[in-house]
Amino acid sequence: MSNVFFSNLAKGVEDECRRQDWNLILCNTNDKHSRDISYIQVLADKGVDGILFCMALDSSKKKGMESIGLMEKLKIPFVMIDRFLEGARCCFVSLNHELGGYMATEHLLKLGHRRIGCVTGPDVLEDSMARLTGYKKALAEYEIDFEPSLLYHGNYDRESGINGADYLVDKDVSAIFAFNDMCAYGVYNRLKRLGKSVPEDISLVGYDNIFFSEILDVPLTSVEQPVYEMGVEAVKQLIDGINSGNCAEKSILFQPRLIVRESTSEYKER
């Protein structure tokens with residue numbers, strides 16, 4: 001819950017539970033799959049009516065399917081929220097992350113940038129891979145070859161941004177797309193320490209548009225996720241599934257929005 005993104009998500013969930021007069025038990029797994037499994041069993045033992053499941057950061061597809069299989073075995077209605085699994089037969093509420101990745105990259109391309117580095121999320125997460133697909137799609141539309149060497153594989157945290165900045169500066173990029181705002185903060189702080197100005201030397205785009213983004217020294221251009229609304233919708237879907245006795249297999253995708261601020265500018269010849 002130290003990530004503001006999940007605090008906002010939890011607020012949407014809590015507010016909608018209160019509106020519908022349902023009680024909420026909040027479990028913080030610290031992004032550990034082992035805790036996912038443990039908490040699912042604990043919640044089952046407490047007789048909960050349903051689970052809103054946001055998969056742990058370290059979950060491979062095999063681990064994610066293990067969690068889903070346990071909830072199915074225990075016959076607990078559930079809805080996946082934010083992170084999702086390709087092929088999982090359940091209801092999930094998420095964002096069109098491919099479009100989000102595309103929008104961030106297209107914005108930089110329109111500004112004239114051609115060497116655009118990325119600090120990605122974990123390779124095992126579908127949402128990170130979808131953002132990368134959007135990045136590649138935008139490059140292809142501008143007839144720019146995809147260079148794997150311009151990717152730094154991160155972990156959706158500030159430290160990944162710091163390390164990613166060190167790596168990408170050596171690759172002579174003119175812009176960096178960080179796959180979440182926590183990474184972007186790490187990139188920004190590291191660039192500042194390296195004597196690089198944002199956006200004069202390197203343009204920077206984040207993802208999530210959490211409230212810190214607009215109060216940085218240089219306000220951050222970011223892809224906005226309507227995370228509060230996603231939390232509200234997930235609760236509605238779960239309660240509907242509990243009441244009907246059937247959490248139908250379906251995907252509800254919210255649409256991203258690019259919020260342009262001062263961290264991006266037109267490419268300048270060096």
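**Two domains, a greasy patch and some lone cysteines**

Modeller: In this predicted model, the C-alpha centres of domain 1 and domain 2 lie 28 Å apart.

Colleague: Which residues make up domain 1 and domain 2?

Modeller: Domain 1 takes 4-95 + 225-256, and domain 2 takes 97-224. As for how they meet, 18 residues of domain 1 are in contact with 19 residues of domain 2.

Colleague: What makes the nonpolar surface patch?

Modeller: Phe211, Phe212 and Ile215 do, giving about 300 Å². Ile215 sits in the loop between β7 (203-208) and β8 (221-224).

Colleague: Why does Ile215 count as exposed?

Modeller: Its relative accessibility is 58%. The cut-off for exposed is over 50%, so Ile215 counts as exposed.

Colleague: How many disulfides does the structure hold?

Modeller: Zero. Take Cys183: the nearest cysteine sulfur, that of Cys118, is 11 Å away, and Cys183 is in no disulfide.

Colleague: And why is there no bond between Cys27 and Cys54?

Modeller: A disulfide needs the two sulfur atoms within 2.5 Å. The closest cysteine sulfur to that of Cys27 is in Cys54, 12 Å off, so that is too far for a bond.

Colleague: Back to Cys183: why is that one called buried?

Modeller: Buried means under 20% relative accessible area. Cys183 comes out at 0%, so it counts as buried.

Colleague: What makes Cys27 partly exposed, then?

Modeller: Partly exposed is the range between the buried cut-off of under 20% and the exposed one of over 50%. Cys27 has 26% relative accessibility, so it counts as partly exposed.

Key
Residues numbered from 1 in each chain as written. Predicted model: local features only at pLDDT ≥ 70, side-chain atom pairs only at ≥ 80, totals over all residues. Heavy atoms only, no water. Patch = residues over 30% accessible without salt bridge, like charges linked within 9 Å, V, L, I, M, F, W, Y side chains within 5 Å. Areas by Shrake-Rupley, 256 points an atom, 1.4 Å probe, with all protein chains shown as cover. Salt bridge = Lys/Arg side-chain N within 4 Å of Asp/Glu carboxyl O. Helix = DSSP H or I, 4+ residues; strand = E, 2+ residues; numbered from the N terminus. Buried < 20%, exposed > 50% of the residue type's maximum accessible area, 1.4 Å probe, protein only. Domains from an automatic or database assignment. Contact = heavy atoms within 4.5 Å.
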